[in-house]
Each structure stands twice: as structure tokens, then as C-alpha cells.
There are 2 protein chains.
Amino acid sequence: MKDERPIRNFRMELSFDGTAYHGWQRQPNGITVQEVVEAKLSRLFNTERVKIQGSSRTDSGVHAQGMAVSFEAPESPYIPDWKIKKALNRLLPPDIRIRSVDYAAPDFNARFSAKGKAYIYVVNTGDLNPFTSRWSHYQPEFMQLDAVREAMKSLEGTHDFSAFTIELVPEKDHVRTMYRLDVKTFGPLVCLCFVGNGFLYKMVRSMTGALLEVGRGRMQPQRVAEMLASKDRSMAKDTAPACGLFLMKVFYEEDEWRSFDFDTPPFFML
Amino acid sequence: MKDERPIRNFRMELSFDGTAYHGWQRQPNGITVQEVVEAKLSRLFNTERVKIQGSSRTDSGVHAQGMAVSFEAPESPYIPDWKIKKALNRLLPPDIRIRSVDYAAPDFNARFSAKGKAYIYVVNTGDLNPFTSRWSHYQPEFMQLDAVREAMKSLEGTHDFSAFTIELVPEKDHVRTMYRLDVKTFGPLVCLCFVGNGFLYKMVRSMTGALLEVGRGRMQPQRVAEMLASKDRSMAKDTAPACGLFLMKVFYEEDEWRSFDFDTPPFFML
């Protein structure tokens, strides 16, 4: 029997601790966040497969505080729409949490409608700690924050970021605009913040790799500007480990990124 | 052959995420923090069994930021004393971390030399969150902090705390002194802080149970004073879940508790 229920478009924001997952996107080699959430949504809406469009394909081990997704679904035979968030959170494991569910315009697509994104990268420069080790990169060294900020300045603005990706596709555009880069500390945690209109594959971890070399005093800040100008990936060899990276927020309004709060760390875990 | 190596007394501070453990103290029913640390210490010092004296016997699921312990050990055949912390952290799982190792006076005993302790209890009053759910109690309700503070006032000072323990031993003394109780918030996290000269079995979780009832408006603040005065356990029925509790610090100097920083939450995870 054909499913005659009218289809609606939804947008949803979710948080996940990426430690246990092989990244966001469905893949044959391991369990992913997308497949877990799709399975629970399909059950909730009693359809064969609800297909989720994620705003970003986060890598294995990367975390999200505000991953944005969109999906189409009919009415659930079990619950009214206003209970979707609660019902879904009951079905999902504790390391994946739905933050909000809303109706979206029919043409809204979490990936293609995105106007900007915010990431942070967390480095623990103090002692290893059982409460932060799942979501920070451990590097117990003094960080020269002023040098990091100086290097960040050269990455702000509109540039070809070919030097900071590992997937160069000749026909594709590697130009992105970084609205704001900054570094904040919370006790021994050093948080590198990145806000831009879009990011190439592994771009945040690649920029972070270079910035951490600057912070440790192994690289001069101006070297980052040279790497950027070279557009040559072989210059930027260090990709920071996945466990320190958080996708914080996806923006769908042009200037929405301006209201993003960087100033009360560790906001990334609340 | 008899072990002829001279024996020294050590003190050590450690943090652990208690989620995976059946509490601190060795027991037949499950793996405990004490037995894991003792096994690694015995290996490091190449002795049959290093016996650790813990300052507190934390319950199953309770966390520690600054558990204090003492133990006697000969010289290690493998490493010099100044490398004990690093070597031990290599051997231990990531949810147990050694913060410091020092020589102690021969008569120092982590349990009997203690002059005071600080605990905090963390309640998440916001959305369930993958990054805080391992170490907070989830209670998504508005908390009347002024009412909690008022109730806390009646617990400060020297009292018989029989109403707030579940293990009444007739010959034993149930009088303890609470130096300072306070409540702080960090975003949606509400942190109840307790500093005293000592605590009875399940006393913090029992006081927290009552204080949370006050915070939710289900109990008047003065009711806590009445419960305390009654010295009757049957009055205090609510014991807050283990997952929200942290042993923060054990004090070995008389006025050391005064310097304990309550004012920069979430200090408990750094």
C-alpha cells in the first residue's frame, strides 16, 4: 500500500560525542551518527528510510555541539510533531542528543542553505584529566597565545585555502571566507575558534595543526601566511587529531555568526 | 628471599571518572578504583601488594577530582621516584589519572590525618548533553537557588548529622562540622558545594537529596533544619544519584579549606 501521508520538511540541531562513531556520514566500515539517527527517525515515523541531510560530514572522532540537519517525513503514527524531540532522545543513545526540531521551508536544505559555520578546537595544555580527555587534544606545552593570534590574522578574510585541505578537486572552488578566528583559554584548556562561510575537507584540523606549531614556538607566525599564499598542501603537513574538534554551530542567516558567543568557555560542552 | 629495600611513605592525589567502577574500595562484586591503582603500583614497585589507604570510600559511580591516598613502598627497580607519576599514568586507564605524588611523613595516613574535605554535587537543569551526562545528575527543572542557600545555612556549623546518613552505628559519633555550603551555577549546571571536617556515609548525597527538594519548591527551606534537629534518618529519604557527586579535595592543614576556590565553575573538570 502506498504511503499517502503528506510529507513535511524539518530542520534539527543535534549534539554528539563523536568518540564512538566513524564520523557523521553513512559508510560501510563502521557505525556512524547519521545511520543511528536515521534508524530512529524511520522507526518514529514508521517509514522505510528517513534520509537526513547533514550540514557537514564530520570525520571519525569529531564532536558536534550544534550539527544542523534537514529531513523530510510524514506525520508520525505514534506521536504529535511537538513531541518529536523528546521521543527521539528517548530512542537515541546518550552520546547523541537532539537539541531542537522545527518545521523548515520546503526548499530548506541543511547543507546547501548554510551561510556559515563555527568550529572550535580544544587543546589540554595541563595534566591529563579523566573528565576532559574524551574531547580534547592533549599537548602539555606552554602555548604562545599572542603568536597564535598573529598567525590567525593572516587566515582571516577571503583566500584560496588549498594549502589547508587534503582533498584538492581541480574543478572545485577552494576559496572561503574566514569571518573570525580567535583563541581563548579556560584554565589549562586552550580553545581555537574558527568562524567562516564554509570550510574545505579537514581544513580546521589542518589550520589548527599549523597554529599549534606556532603556539609551541616551532614555527614563526608569518610562516602561516606563506603557507596560505603557496596554495600548496605539501607545506601544511600537520593535521591536528579529531578528538579536539567540535562543530559548534551552523548559521542560516547572513550575519548570524556575529552573535555567536566565544567569550564564555567552556561553552562547548553545555 | 626477603625484600630488603627500605620502605618509604608516599601521599598521592588522583582524579577518576567513577562511571565504570564499583566505587573506591576493594570488594568482591566488581572492579574498583583502589584495586586498579594497587595492581599498577605493585607492578611498578615490584612487590607482592602495595596497599593503598584512601581518604574516603567513595561509592559506586561517584567521581573524584582530588582523592587523597597514602601508601608505603620500597624503591622501584624500574624508575626513580620523580618519575612515579608519569610511569603510573602510562599504566593506568584514561579514566584514572594521578595528579601528584610526594613523600609523606612516616605517620601520615590519608584517612586519619585528614582535617577536612570538599565535595560538589552537579545537577544539569538544562537539556541532556552528551558531554556532561557522565558526571551530572539530570533534573531539568527550575531551581530556586535562594531557597537552597537558606536551607544550606541551617546545615552549616557543628551538628549531629544522624538524619543525613544511612549507616547509624550507636557507639559512633555522628557529629560533624560543616565549614561552608554554597550553590553556584555555570550555564544550566547547578553546583552544590560542601566543605566540612568530615562526612558520614552517604551524607553529601543525603543532604543533596533534601536540598534539591527545596530547590524544586517541594519542601520549605526550614524543613531541612527540622530534619537535622530530628536526628531521624526516616525524615531524609531522598539520596541523590551517585553520578553527580565529586570528591574535590582533601585537606591536611587546619585552615586549608579556606583557600579552596568555589568561584570558577566548572573547576570540577579541570
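Is Asn46(B) buried, partly exposed or exposed? Its relative accessibility is 45%, so Asn46(B) counts as partly exposed, since that class lies between the 20% limit for buried and the 50% limit for exposed. I will come back to this residue. A word on the source before that: this is a predicted model.

Let me start with chain A as a whole. Chain A contains 5 helices and 10 strands. Its C-alpha trace spans about 65 × 45 × 35 Å along the principal axes. The radius of gyration is 19 Å, and a compact globule of 270 residues would come out near 18 Å, so the two agree. Of the 270 residues in chain A, 56% are buried. If we take contacts with a separation of 6 or more, 71% of them join residues 24 or more positions apart. The exposed area of chain A is about 12,200 Å², with carbon and sulfur atoms supplying 49% of it.

Next, the two copies. A turn of 180° with a shift of 0.0 Å along the axis lays chain A on chain B, and the RMSD is 0.0 Å. That is the relation of a two-fold axis. As for the interface, 100% of the interface residues of chain A are also interface residues in chain B, so the copies meet through the same surface.

Now helix α1 of chain B, residues 33–45. With 13 residues at 1.5 Å a residue, α1(B) should span 18 Å, and the end C-alpha atoms are indeed 18 Å apart. Buried residues in α1(B) include Val33(B), Val37(B), Leu41(B) and Leu44(B). An α-helix has 3.6 residues a turn, so residues three or four places apart point the same way. The list of buried residues also takes in Gln34(B), Glu38(B) and Ser42(B). Against the buried residues of α1(B) pack strands β1, β2, β3 and β4 together with helix α2, again of chain B.

That brings me back to Asn46(B), which comes just after α1(B). Asn46(B) sits in the loop between α1 and β2. Its phi is near 55°, a positive value in a residue other than glycine.

Where else does chain B show this? Lys231(B) is another residue other than glycine with a positive phi, here near 50°. Lys231(B) lies in the loop between α5 (221–230) and β10 (245–251). At 48% relative accessibility, Lys231(B) counts as partly exposed.

Over to chain A and helix α3, residues 145–155. Among the buried residues there are Leu145(A), Val148(A), Ala151(A), Met152(A) and Leu155(A). Their cover includes strands β7, β8 and β9 and helices α4 and α5 of chain A. Just after α3(A) comes Gly157(A), with a positive phi of about 100°.

The last item is a single side chain, Asp81(A). Asp81(A) is in the loop between β3 (63–73) and α2 (84–91) of chain A. What is its relative accessibility? The value is 16%, so Asp81(A) counts as buried, the limit being under 20%. Leaving out residues up to four places away in sequence, Asp81(A) touches Arg8(A), Phe10(A) and Tyr103(A). With Tyr103(A) there is also a polar contact, side chain to side chain, at 2.5 Å.

That is what I have for today.

Technical notes
Residues are numbered from 1 along each chain as its sequence is written. Chains are lettered from A and ligands numbered from 1 in the order in which they are written. This is a predicted model: local features need pLDDT of at least 70, side-chain atom pairs count only at pLDDT 80 or more; totals for chains, interfaces and linings use all residues. Side-chain values use heavy atoms; hydrogens and water are left out. Helices (H or I, at least four residues) and strands (E, at least two) are DSSP runs, numbered from the N terminus. Buried means under 20% relative accessible area, exposed over 50%, partly exposed in between (1.4 Å probe, protein chains only). A polar contact is a pair of N or O atoms within 3.5 Å; within protein, one must be able to donate a hydrogen and the other to accept it, and residues adjacent in sequence count only if both atoms are side-chain atoms. Contact means heavy atoms within 4.5 Å. The expected span of a helix is 1.5 Å times one less than its number of residues. The radius of gyration is taken over C-alpha atoms; the globule rule is 2.2 Å times the number of residues to the power 0.38. Accessible areas come from the Shrake-Rupley method with a 1.4 Å probe; for residues, only the protein chains shown count as cover. Copies are superposed by least squares on the C-alpha atoms of residues with pLDDT of at least 70 in both.
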